[in-house]
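Me: I'd like a close look at one small part of this protein, please.

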Amino acid sequence: MLSMHLVDALDAEILLTLDRDPQATVLSLSRTLGVARNTVHARLRRLVSDGSLAPFSQRVRTEALGLPLIAFISISISQSSSDEAVAALRTIPEIIEMHATTGDADLLAKVAAKDPADLHRVTNSMLAIAGVVRTSTAMSLVEVMPTRTLPLLQAAAAKAQ
């Protein structure tokens, strides 16, 4: 993992401005924020290079890819083959996010699928991986709040005021 720096108030202002206008140029950002163009350019390059900004592909909604069903799958894996199991799970394209967790399961995967039958296929492909012991699935009925960082950026930007 890359070493991320903490987003400061100027970084947050740049990101908030881009959130409002994703097509904004470095020049328009510098004019809007009253900051030198080179400063904005350097800040954006650092945010990208250190991993503070996620790739654009993470903004694509799974529904636009024909995968409207979202499920959360708890995965228990054999500790003796955990690295191999995680590597194999990473090859399943429908797994769009995965976290190591505490509790009854070892991993929590966010999965996108076409429909329940497709989800069943994905779950079976997980269970076919050596080291995966069992899974438990919860299907999302409706997204009541998407992933968001806007309030956090607003708070970071407010620190300079």
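Where is the place of A100?

Reply: Happy to help! First, this is a predicted model, in which local features need pLDDT of at least 70, side-chain atom pairs count only at pLDDT 80 or more, and totals for chains, interfaces and linings use all residues. Residues are numbered from 1 along each chain as its sequence is written, and side-chain values use heavy atoms, with hydrogens and water left out.

A100 sits in strand 2, residues 95–100 (strands are DSSP runs of E, at least two residues; helices are runs of H or I, at least four; both are numbered from the N terminus). With a relative accessible area of 70%, A100 is exposed (exposed means over 50%, buried under 20%, partly exposed in between, using a 1.4 Å probe and protein chains only). Leaving aside residues up to four places away in sequence, A100 touches D106 and L107 (a contact means heavy atoms within 4.5 Å). I75 is 25 residues from A100 in sequence, and their C-alpha atoms are 9.4 Å apart in space.

For a contrast, look at S30 in helix 2, residues 26–33. S30 is buried, because its relative accessible area is 7%. A polar atom of the S30 side chain lies 2.8 Å from the backbone oxygen of L27. Again setting aside residues up to four places away in sequence, S30 touches V35, A36, R37 and V40.

One last stop while you have the model open: M145 lies in the loop between strand 4 (132–139) and helix 6 (150–158).

How values were computed:
Polar contact = N/O pair within 3.5 Å; in protein donor to acceptor, adjacent residues only side chain to side chain.
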